[in-house]
Structures are given as structure tokens and as C-alpha cells.
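Me: I would like to learn how to read a protein–DNA model. Please take me through the contacts step by step.

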There are 2 protein chains.
Amino acid sequence: MVRSLTDEQVLRALMRHPRLTRAELATETGISKPTAGESVRRLSEAGLVVDTGERTPGGRGMGRVGSYYSLAPDVGTALAVSIAPEGVVAEYINAYGDSIARAEAGVGRPARPDDVAEALGRAVAEFSFPVRFAVVSAADPVDRHTGRLRQLPDAPFLLGEIDPVAVLGERVDGPVLVDNDVNWAAEAERKAAPLDDFAYVFLDEGLGCAIVSDGEVRRGHHGLSGEVAHLITEGPGGRAMPLIEVFGELGLRRPGTTAIDVERLLDTRPPEVVTAVGGLIAALATLIDPELVVIGGRWGTPLLGALADETDQQPRPVRLQAAAVQQEPSLAGARAEALDRLRSQIIGP
Amino acid sequence: MVRSLTDEQVLRALMRHPRLTRAELATETGISKPTAGESVRRLSEAGLVVDTGERTPGGRGMGRVGSYYSLAPDVGTALAVSIAPEGVVAEYINAYGDSIARAEAGVGRPARPDDVAEALGRAVAEFSFPVRFAVVSAADPVDRHTGRLRQLPDAPFLLGEIDPVAVLGERVDGPVLVDNDVNWAAEAERKAAPLDDFAYVFLDEGLGCAIVSDGEVRRGHHGLSGEVAHLITEGPGGRAMPLIEVFGELGLRRPGTTAIDVERLLDTRPPEVVTAVGGLIAALATLIDPELVVIGGRWGTPLLGALADETDQQPRPVRLQAAAVQQEPSLAGARAEALDRLRSQIIGP
DNA sequence: CCTTCTAGGCAAGGGGCCTGACTAGAATGG
DNA sequence: CCATTCTAGTCAGGCCCCTTGCCTAGAAGG
């Protein structure tokens with residue numbers, strides 16, 4: 001849409017500051033005044049920038065009044081959506097990074113696919129902004145290419161096989177980007193504390209893990225990296241078994257579902273669980289070599305101390321830490337990504 | 001050294017073709033003739049490009065003869081080195097990607113650190129080109145920041161704690177880049193068959209594994225990703241234990257060393273080994289989600305079929321394949337990297 | 001010695017940026 | 001009412017780097 005480097009700088013300046021005069025744009029970007037003026041002219045013509053009608057105050061010897069320019073109100077918004085067993089949250093954000101609207105919708109328990117899809121539709125329908133695209137966080141494995149949720153054999157599967165791309169496609173002009181909630185939480189963590197190499201282990205009803213290598217979340221070929229239910233670890237009695245089976249053997253899975261029974265786990269805190277998760281952290285240490293393993297989730301955080309004691313004994317110890325972003329971490333990550341992409345899309349190729 | 005985009009294009013063209021006239025440069029790069037001529041003038045002045053003295057043939061109506069230009073002979077060479085228990089290989093390459101000299105030096109068995117360092121010095125001393133930098137492959141864990149080899153507790157350690165940066169530093173003008181042999185083999189594999197997400201499992205005297213995610217080898221924070229000796233897997237009797245211990249329990253480690261006894265392993269081919277490596281592949285499948293797992297190494301390739309049968313049964317099966325690059329794979333990867341870096345360094349920042 | 005034909009160079013032009021100088025224009029104070 | 005004050009915005013000129021179009025260089029064959 002826009003090709004000149006100057007125009008990009010002007011747009012980025014207007015994303016940081018809601019209104020600027022041409023002279024302010026010139027000093028802010030380091031571009032000369034004539035060039036900034038020319039860029040504003042081009043961008044106004046393209047409809048990306050508008051004269052707000054506001055003028056600089058003027059006053060005793062304050063010189064000629066200037067016109068304030070800002071991004072056109074219709075440059076578009078993006079949608080950040082979180083789909084979790086607790087419910088669906090949809091947030092609309094603008095190019096400044098403001099959340100301009102928010103809608104929530106509950107999901108019955110246990111979550112049924114139709115329920116979830118319906119709640120998603122309800123949350124998004126509550127407002128109707130022109131949305132350029134959506135970023136979706138879902139609390140289940142996500143196929144990287146189709147954006148659909150995928151059930152893996154005998155692994156926790158909380159939302160059912162829904163297709164966020166299909167549900168949101170009608171209400172969104174552009175593409176719909178779907179990914180696993182833990183990946184988005186790791187993205188939020190990465191932006192909060194800029195570490196290049198870490199893993200995020202999320203221990204809740206589901207088991208999740210995200211991997212950040214060389215400063216980016218690594219999703220793997222199908223987008224299923226970090227789906228650790230079948231990782232071989234040490235189970236009760238020193239037997240080797242897939243991680244998820246440990247919870248089955250200890251009676252810590254909610255009957256009739258694939259979910260882990262968090263309340264019971266927190267009541268009993270069996271050492272076998274700590275050992276089993278220790279095996280996961282050892283696998284991360286050997287395969288990924290993270291600087292840090294971030295622990296989150298409803299039972300991960302409470303067990304952090306015990307896990308740290310366990311991993312300190314291992315031949316390749318690794319530092320454990322609670323997540324820095326505690327408030328809606330997945331939505332925060334999705335929101336940050338939506339903002340980045342919205343801005344890039346406005347600036348164009 | 002060179003900043004203009006034009007100059008970069010001209011240099012890259014001269015790296016692809018050993019000699020070109022200004023007119024050929026213009027058509028090859030898509031740049032106009034005057035600009036190409038100007039670039040040649042700048043680059044000649046900077047000493048990067050020289051008039052070879054050769055002239056185009058001319059002939060019946062063949063027009064004015066042109067002057068051939070090529071990279072200056074002293075733009076520099078790079079060194080690709082492989083350090084393995086079998087011996088040391090040093091290859092000098094020029095900016096065209098030709099191997100211009102090669103030296104080998106044996107290492108006694110078992111390899112002692114002094115031996116290895118001495119062989120390395122010998123191999124490199126055999127020629128003396130002006131070397132801009134070196135890329136080193138070492139058959140042991142490499143610390144990403146220091147370039148030193150690192151022994152991990154109870155893991156195979158074949159070369160001893162040598163410091164390639166110190167040994168090569170004197171003979172090389174620029175930096176010395178050291179990495180694990182399996183990472184370089186994966187790099188060679190990546191260039192041969194452009195896959196974005198795969199893992200390379202190397203089963204030989206040492207155990208190694210390289211991870212390619214989103215088209216790059218991922219080394220982890222310390223450079224120790226893929227050092228899988230302590231991964232928890234299924235050992236004899238279904239017991240959970242670190243991968244390396246399986247070999248100890250089965251009497252497959254060479255007495256007095258940390259290495260695996262490949263001959264004995266190939267004689268007996270115990271199913272426990274297949275199961276244990278199956279656990280490694282399962283861990284890769286869950287944590288990394290590769291499109292493919294490449295199997296290499298002296299006992300990896302022969303056991304490929306058995307391993308494939310094992311992984312087919314797993315809840316997240318993954319395709320196994322023998323390595324495409326069989327001839328000195330680590331050196332091939334180091335060579336390719338050396339070429340890329342040499343070229344970038346000539347072109348400048 | 002003329003013809004043939006391409007390598008290389010020159011001239012002019014254009015895009016996008018700069019600097020420096022000029023103009024616009026509103027509020028204030030006499 | 002008009003001069004003053006002061007900055008926003010614009011105009012003019014110039015630089016850099018690229019382009020196209022055209023001209024010259026120059027070797028070999030007829």
C-alpha cells in the first residue's frame with residue numbers, strides 16, 4: 001500500500017502519538033520538514049492520514065498555528081480473541097494499541113464445540129467495527145496451516161473441534177490467525193522480558209508448553225510443538241510412561257473428560273507429579289537448552305518450588321520462574337501480535 | 001566495507017561468475033551500464049575487483065572488445081575445519097565456493113586433548129593463505145558464547161576440553177565460529193533439501209541431535225540444544241532413565257571412555273536401544289514437531305528400519321529418513337556456512 | 001581502408017531527499 | 001488599527017544515485 005520509507009516513518013510516528021503537526025512529524029522522525037509535508041500530502045490522498053481540524057494554540061508570539069494530523073479513523077481495527085474453557089473474550093484494538101471494545105461470553109461446562117462456537121459468535125457480534133483481521137488464542141492444539149483445533153489421542157482436549165477461521169471469517173475482512181494459548185502466553189512473556197531462549201510450561205487442566213528460540217516462538221511443522229502429553233517421562237514406581245498417563249494412573253483426570261482435575265491435584269500434590277514434570281523440564285533442557293523455564297497455570301505456579309527442587313538435582317539444571325505476565329497472558333500475547341500485524345498491514349508491503 | 005546496494009549486486013554477480021565485462025555485469029544484475037561501470041570503478045579503487053587483463057574475443061563484427069573483471073585474488077579465503085575422533089580436516093575455500101586446499105591430520109585413539117589441538121595446528125599450518133575467518137565443526141558439545149568444547153556430566157566426550165578459538169586465532173585474521181558437528185550436518189541437510197522443520201539424530205560414538213525450526217538451526221541459549229544424553233527415556237525393563245544410562249546398563253560403552261561401543265552395538269542390536277531411541281524421537285515429535293527426523297551416524301543408519309517400526313506405533317508418529325548428505329556431512333555444513341559468511345564479509349556491513 | 005558491431009562512456013533527466021530562505025498567519029500590545 | 005512576534009508550512013536550489021538514449025572506441029574481416 002505504501003512503499004516509501006518516509007511514509008512508513010510518518011505512519012509509525014502517528015501510531016506512537018495520536019496527533020502531530022507536520023513540524024512535529026519532522027522532528028519526531030528526523031525527516032526534513034518539506035519531506036514530512038510531502039509525505040503527509042501523499043498519505044492524506046491515500047486516505048490513511050487526516051487533518052483533525054484541530055490547530056496549535058498560538059498565542060503571544062507563538063507563531064503560525066499548525067494543523068494536527070492523525071491516522072484516519074477508518075485505517076481499521078484488529079480483533080484479539082481468547083477461547084478457553086472458562087469462556088470467550090473478544091477485544092477490539094486500534095492502531096494505537098488501545099483496546100476500544102471488549103466482549104465476553106461464557107461457555108457451559110464441560111465445553112461443547114457448539115457452545116464454544118456460539119459464544120465466540122456472540123462475543124464478536126456485540127460490536128461491529130471494520131476489522132482487518134483477527135488473532136485467536138485457543139486452549140487446545142492448533143493446526144498451523146488450517147487454524148483448526150486438533151485432538152491428539154488421549155491428550156487433554158477442552159474446546160472440541162471448532163474452526164475459528166470459519167466462525168470469524170464472516171465478520172473479519174482479512175485473515176484469521178489462530179494459535180495455541182500457551183504460545184501466545186509465551187509471546188506476551190517474551191515481550192515483557194526480552195529473553196531469546198526460554199520455554200513456557202503451562203500446567204492446568206491441559207498440559208502445554210511453548211518454545212522460544214532465538215527470539216521467536218517456534219511452532220513446529222504442524223504447529224504442534226510443545227504438545228507434551230505423550231512425552232516419555234518417569235511415572236509412579238520409576239516406570240517410563242507418557243506424561244499424560246501419569247495423571248491417569250494417579251486418578252487425577254476428571255472422569256468423563258480428557259482434562260486434569262486441578263483441584264484434586266492441588267489437594268494431594270503427589271510427588272510423582274513433580275517427578276513426571278521434572279522429566280518434561282529435563283527434556284526441555286536437553287533438547288531446547290533454554291535460559292529459563294517459565295512456569296504457569298493453575299497448578300504450575302503453586303508447585304513451582306517443588307519443581308525447582310526437583311530440577312536442581314538434574315545433570316543439566318535450569319532456572320525456573322513464575323510467569324511475569326499473570327493477567328490474561330494468552331490474550332495479552334494475542335493482543336500484542338494483533339497490534340504488530342495491524343500496524344504492519346496499515347503500512348503495507 | 002561496501003554500502004551501496006549496486007556494489008553488493010556487482011560483487012555477488014562476480015561470486016557466481018569468475019569473470020565478467022561491465023556490459024555482462026549490467027545485464028546479469030539488471031543494473032544500467034553506466035551504473036555498473038561506476039560500481040566497477042569504485043570496487044577496483046577499493047581493491048575488491050581487478051581487471052584480469054583478459055579481453056573479449058572480438059572477431060568479424062563482434063564489436064569493441066571488453067575488459068574482464070573479477071574479484072581481486074586477495075579478497076580472502078575462509079577455513080572450514082572438522083574435528084572428530086577420526087582426525088582433523090581443514091579446507092580452505094575461496095569466495096567462489098571452490099575448495100582450494102585441504103589438509104588432514106590423524107588423532108590417536110583414544111583422542112587426547114593435546115593430540116587434537118596438535119593435529120588441528122598441523123592441518124591448518126600445512127598451507128598459509130590469508131584467512132578471513134574459520135568455521136569449525138567439533139564432535140562434542142560446544143559453548144555457543146566461548147566456542148569451547150564442554151563436557152557434560154557422564155555424557156560422551158570424545159575430543160577433550162580444547163579451545164579451537166585459541167588454536168586457530170593466531171592463523172586466522174577474523175573470528176572463529178565453532179559449533180557441534182551435528183548442527184553443521186543439519187545445516188548441510190537443510191541446504192540440500194530445503195525443509196523448514198526437522199530434527200537430525202546422530203547415533204555414533206556420541207549421541208547428538210540438531211533441531212531445525214523455521215528454517216534455521218536452533219542452538220539454544222548455551223549452544224547445547226540437542227545434547228540428549230540425559231533425556232529421560234524408557235530403558236531396560238520399562239524403567240525410566242537417562243538415555244545414556246541405557247547404554248551403560250547394556251554394557252555398550254567402551255570401557256575407560258565415555259564413548260558408545262558402536263561395533264558391539266551393531267553386533268547385538270538390542271531392542272532396548274531401539275525403544276530408548278524411540279523415546280528420544282517421541283520427545284522430538286512432541287516438543288519440536290518436526291516434519292521429518294533425519295537419522296545419521298554409524299549405528300543410526302543401520303537401525304533406521306527398526307526405529308521406523310518403533311515410531312510408527314507411537315501416538316504422534318513421525319517420518320524417519322536417512323541423511324541426504326552422506327559425504328562428510330559436518331564438514332559440508334561448515335563449508336557452506338563459511339562460504340556464506342565469507343561472501344557477506346567481503347560485501348561488508 | 002572501410003564496414004561491422006559491441007563495450008564503454010557521456011549527457012540529460014528524474015525521483016527523493018536535503019538545506020536554507022521565504023511566506024503565512026494568528027495573537028498581542030501599543 | 002497596525003506593527004510585532006514567532007513558528008508552521010512551502011518554495012527554490014542542489015545533491016545523490018539511478019535511469020535511458022546516444023555517441024565514441026576500437027578490433028578484425030573483407
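Reply: Start with the word "near". A residue is near a strand if one of its heavy atoms lies within 4 Å of it. Keep in mind that this is a predicted model.

Me: Which residues are the closest to DNA strand C, and how many surround it?

Reply: DNA strand C is surrounded by 24 residues. The closest are A:Thr6, A:Thr35, B:Gly61, B:Gly63 and B:Arg64. Both chains appear in that list.

Me: Which part of DNA strand C comes within 4 Å of the protein, sugar and phosphate or bases?

Reply: Split the strand atoms within 4 Å of the protein into two classes. For DNA strand C, 66% belong to sugar or phosphate, and the rest to bases.

Me: How do I read individual polar contacts there?

Reply: Look for pairs of N or O atoms within 3.5 Å. The side chain of A:Thr35 places an N or O atom 2.5 Å from a phosphate oxygen of DNA strand C. B:Ala23 uses a polar backbone atom instead, 3.2 Å from a phosphate oxygen of that strand. B:Lys33 reaches a base: a polar side-chain atom lies 2.7 Å from a base nitrogen of DNA strand C.

Me: Which elements give two or more residues to the surface near DNA strand C?

Reply: Helix H3 (33–45) of chain A is one of them. Chain B adds helix H2 (22–29) and helix H3 (33–45). By residue class, the surface near DNA strand C has seven nonpolar, eleven polar and six charged residues.

Me: Now the other strand. How many residues surround DNA strand D, and which are the closest?

Reply: The count is 25 residues around DNA strand D. The closest are A:Arg22, A:Gly61, A:Gly63, B:Thr6 and B:Ser32. Of the atoms of DNA strand D within 4 Å of the protein, 62% are sugar and phosphate.

Me: Where do the polar contacts to DNA strand D fall?

Reply: Sort them by the DNA atom, then by the protein atom. A side-chain N or O atom of B:Thr6 is 2.5 Å from a phosphate oxygen of DNA strand D. For the side chain of B:Thr35, the distance to a phosphate oxygen is 2.6 Å. B:Gly63 works from the backbone, with an N or O atom 3.4 Å from a base nitrogen of DNA strand D. At least two residues of this surface come from each of helix H2 (22–29) and H3 of chain A, and H3 of chain B. The surface near DNA strand D divides into seven nonpolar, twelve polar and six charged residues.

Me: How do I read the interface between the protein chains?

Reply: Take contacts, then area, then polar pairs. 41 residues of chain B touch 40 residues of chain A. About 3100 Å² is buried between the chains, 57% of it on carbon and sulfur atoms. B:His221, B:Leu287 and B:Asp289 supply 21% of the area chain B buries against chain A, more than any other three residues.

Me: How many salt bridges and polar contacts cross the interface of chain B and chain A?

Reply: A salt bridge needs a side-chain nitrogen of Lys or Arg within 4 Å of a carboxyl oxygen of Asp or Glu. The rule finds four across this interface. B:Arg144 pairs with A:Asp214, with the closest N and O atoms 3.0 Å apart. There are also 26 residue pairs in polar contact between the chains.

Me: Which element gives the most residues to the side of chain B that touches chain A?

Reply: H9(B), with seven residues. That side of chain B divides into 18 nonpolar, twelve polar and eleven charged residues.

Terms used:
Residues are numbered from 1 along each chain as its sequence is written. Chains are lettered from A and ligands numbered from 1 in the order in which they are written. This is a predicted model: local features need pLDDT of at least 70, side-chain atom pairs count only at pLDDT 80 or more; totals for chains, interfaces and linings use all residues. Side-chain values use heavy atoms; hydrogens and water are left out. A polar contact is a pair of N or O atoms within 3.5 Å; within protein, one must be able to donate a hydrogen and the other to accept it, and residues adjacent in sequence count only if both atoms are side-chain atoms. Helices (H or I, at least four residues) and strands (E, at least two) are DSSP runs, numbered from the N terminus. Ala, Val, Leu, Ile, Met, Phe, Trp, Tyr, Cys and Pro count as nonpolar, Asp, Glu, Lys and Arg as charged, and the others, Gly among them, as polar. Contact means heavy atoms within 4.5 Å. Buried area is the accessible area (1.4 Å probe) that two parts lose on being put together, summed over both.
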